[in-house]
Amino acid sequence: MADMLDYAGHPNSSPTKTSVPSAQGGRVSVQAGLERIAFLERRLQALAERNGRSAAPIVPRRSLDDAIDVLDALRAEWGRVTAECDSLRASLARLRESEARWRSIVANPFDYVAVVDRAGTFQYVNRTAPGIRREDLIGRATMYDFTFPDFHQVTREALAHVFDKGEPTYFEAYAPAPVDGWFGTVVGPIVDDGRVVAASCQTRNITAQKNVEMALRESELRIRQLTDNIEDIFFLFDTRSERVLYVSPAYEKIFGYSVEALRDNPRAWQAAVHHDDREELEARYAKLVAAGAGDRSYTFGEPHEYRIVRSDGAIAWVRSRNFAIRDATGNVTRVAGIITDITERRLERQRLAEAESKYRMLVEKLPVISYIAAPDDALTAIYISPQVEAKLGFTQAEWTGEPGLWRRQIHPEDRERVLAEVHHFRATGEALSTLYRLVSRSGEVLWFRDQAVLVVDASGAPMIVEGVMLDVSEAAEARAEQQRARAFSARLVEVQENERRRVARELHDEIGQTLTGLHYLVQTVQECHGEQPDALQEARGLIGELMRKVRDLSLELRPSILDDLGLLPALLSMIERYMNQTQVRVTFEHRGIERRFDPEVETTAYRIVQEALTNVARHAGVTHAKVQVWSDAAALHIQVTDSGAGFDLGSQLADNSKNGLHGMRERVALQRGVLETETAPGRGTRLTVQMPVGSEPKRR
Amino acid sequence: MSVRILLAEDHKLVRQALKTLLEPEEDLELVGETGDGMDVMEQVAKHRPDILVLDLMMPGLNGLEVTRRVHQRFPKTRVLVLSMHQDRNYVSKAVQNGASGYVVKHADADDLLRGIRHVAAGRRFFSAPISEWPPESLEPLSSESLDLYDTLTPREKEVLQLVAEGHKNAEIAKLLFRSARTVETHRAHIMGKLGLKNPTDLIRFAIEHGLIPVSPVSVPETEDGSNDGGESSP
């Protein structure tokens, strides 16, 4: 605003009246001077004529002295006049200059120049806006006629200021149509005899500047609203004055100090930086300011994280990204930046790192080998935990560096199976859990339980395989032991059955046949001799008794009917005998078992039904039992149900010898079948068996 | 004209006893003997006996199978089984395979002689106690008697019904106050017992057994009573 006042000299400084001050107070006109000089000339001429006609001096000495005095005075007077004339000339020249300046002001094409009275009525105007006639203004219109009502007050105040105080002022007002625009006016006093008689107005159209200014203000407001409200600190720093030009309010929240304090002392910023980080921060700042500009007016610094000590003493982490702003000459004039509070993020990262390190420790200390592998058929290891070295003798680097190593170290007997399982695992994405042997570098064979999952990306495509390998050599040994026990058990069952079969046949074929022979022979002897000694008759009875016993014993041991006729006749026969021997009625239902099954399946099924019915007769205390035996393409099913006493499964299982349940289970397990018992005291018993069967076996 | 007999019996003592037994009988002529199942056919082919007295227990070829083959290839030779077994399954099987008579070994010697003469005369003969059995006991094995639906426990029947009606495991669990896991186990048992592979099989089974109407649209709910497998337990 000040420059508006300066841009042209103020008219007040120009003289408004031509007056030359006289020397030594009194006023002497030029004309009077000239008259006096002319008088003196006339007197001197007369004296000279008189002195020339007489030899004796005509003029007394005293008179000449007077004349000389007068001339001296005249000369002095003249000099004074001359000086006065020079001063007058100079004054005129100044006046001319001032007038020219005025003329230029009044005639300039930008400004309206007017003279108004106290009421604002136009006395003079240099030119008028288009469409307004000069004669309509002078003495008629006032400044108020060209000012939007909102600005009448400002106008009034400006005029009062000029007229009352005699000082110039400036104001801006909006002029309505037909002028239509923003105008800035310099108003100054016109003084006559020390009194303000009128006011000069120099008015310039400032609409363009005003628009720019308003746009700028609006833009600044927007930016300020933005910067004031962001949670990050935005700052603008003047490198020359080393002052903070702007800092967003977030500074107070993050640093804990007030923005005002920072304005007063820009060094407060650096003071808040943690002393361990200060040096680097300053180095970075120096580097940023010194960096070559290139063609750009901005130079971005690298993001940088550092600690600050808040006003409350707490340490916070911030992340700062600065950029240097250059002027047209390429010198850095300002540094701007954005500072973000990353304390939480930092803590989170730290927690993660701690968790990771804990996890890593777990992975690397647990007695299992963890691995991450590529999802290929060879499960090429990307990472393997260090336990691998202790277990298998290969270093981590060796294990991950040699793609086919794992595959090669699998025990040859397991390799094909394991690779097929891996292939299936990759194809289906089902979790992998497999048991196999790995050969260590030294040739030791170790059993591993390998469990892995396929990790897929968002689209479902396999990314990596994560797995663990647990050395289960001891457990595997135990299992192998168990398998041996099971095999032994199977062998035992087989031997038992074979032995029974052999003894049964022996009884049947040898003893039974021998008795049969004896039986016929005794009869023949009886017939031949006609006599009927009691002893012979008694022998015949004994032989018959013996034959029956042998037959029953043989059946009990191993019914040949099972081998000869198959499961269904054997079961029918057995149930018939069972009903003859016990009070229990048996409902036997069957379906699809007229075919032959594997001898082991038939034997097992037969023994299961036999054992179950024995239990019913022995423990159930019922008069009725139901036996259901059926088969489909896949399995042979047996279900024996009674409505009797039932039993406490737990206790009975603990006492294997009592009810043969354990033996039954063992037999079923040997056929890879499942045996289930449902029972509770007083609620009867249901025994269900399911055994896989193949197609009908070939018979010899 | 005497009856020509071939004796097939692997036990020497018995064979000897039988020979001794047959010798005094003038109308019975022993034309040959063998102790091996495989050899029987050859002997029959060679001697063409009227009667083959056959032990079921023979090395080489099972007596039941010998009976079948002889009956097929030499229908004029009639088979009289002489066996330790008095199980009706054996008797029935022997009869099915073409035996004309069955004498248990512990029967009186007279029974055997009478049997030979009866069979030679074209009649059937069974020694005691077989002769006392009802005739149907010798008929082929009793036919299939099991309805698969009856193999299910009352609880399994309930679950099957609900599954067939389209309930999800979780719903069934709520309805029966059981855990979903228990229901899942029941379901697995049902599938296993009934030999079903998938839910479609299960629905088919349910329809076949009238557990659910064939078409829920055409059959009113009230007529859903054709439950041939019996109602669920009380």
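The following dialogue discusses how to read several features of a predicted model.

Trainee: What do the model scores and the mean pLDDT of chain A and chain B amount to?

Mentor: The predicted model has an ipTM of 0.78 and a pTM of 0.48. For chain A the mean pLDDT is 80, with 88% of its residues at 70 or more. Chain B averages 83, and 89% of the residues score at least 70.

Trainee: Over which residues of each chain is the pLDDT below 50?

Mentor: Where pLDDT is low, the predicted coordinates should not be read in detail. In chain A the pLDDT is below 50 over residues 1–27, a stretch that has 30 contacts in the model beyond near neighbours in sequence. In chain B the pLDDT is below 50 over residues 216–234, and this stretch has 18 such contacts.

Trainee: How many residues does each chain bring to the contact, and which elements supply the side of chain A?

Mentor: The size of an interface is often given as the accessible area lost when the parts come together. Here the description is by residues: 36 come from chain A and 31 from chain B. On the side of chain A that touches chain B, the elements that each supply at least two residues include helix H16 (473–529), helix H17 (534–557) and strand E17 (585–591). H16(A) gives the most, with twelve residues. By class, that side of chain A divides into eleven nonpolar, 16 polar and nine charged residues.

Trainee: At what angle do helix H6 and helix H8 of chain B pack, and which residues make the contact?

Mentor: Two packed helices are described by the angle between their axes and the distance between the axes. Helix H6 (residues 154–164) and helix H8 (residues 180–194) of chain B pack at an angle of about 90 degrees, and their axes are 9 Å apart. H6(B) is therefore roughly perpendicular to H8(B). From H6(B), the contact uses B:Arg155, B:Glu156, B:Val159, B:Leu160 and B:Val163. From H8(B), B:Val183, B:His186, B:Arg187, B:His189 and B:Ile190 take part. The residues of this contact divide into five nonpolar, two polar and three charged.

Trainee: Do strands E6 and E7 of chain A run parallel or antiparallel, and which residue of the hairpin takes a positive phi?

Mentor: In a regular strand the side chains alternate between the two faces of the sheet. Strand E6 (residues 233–238) and strand E7 (residues 243–247) of chain A run antiparallel and are joined by four bridges. A:Asp238 has A:Arg243 in E7(A) as its bridge partner. The hairpin has four residues between the strands, and A:Glu242 takes a positive phi near 55 degrees.

Conventions: Residues numbered from 1 in each chain as written. Chains lettered and ligands numbered in written order. Contact = placed C-beta atoms within 7 Å. Nonpolar A, V, L, I, M, F, W, Y, C, P; charged D, E, K, R; others polar. Axes fitted to C-alpha atoms, helices over the stretch in contact; angles between N-to-C directions. Parallel < 35°, antiparallel > 145°, perpendicular 65-115°, else oblique. pLDDT = per-residue confidence, 0-100. Pairing = 2+ DSSP bridges.
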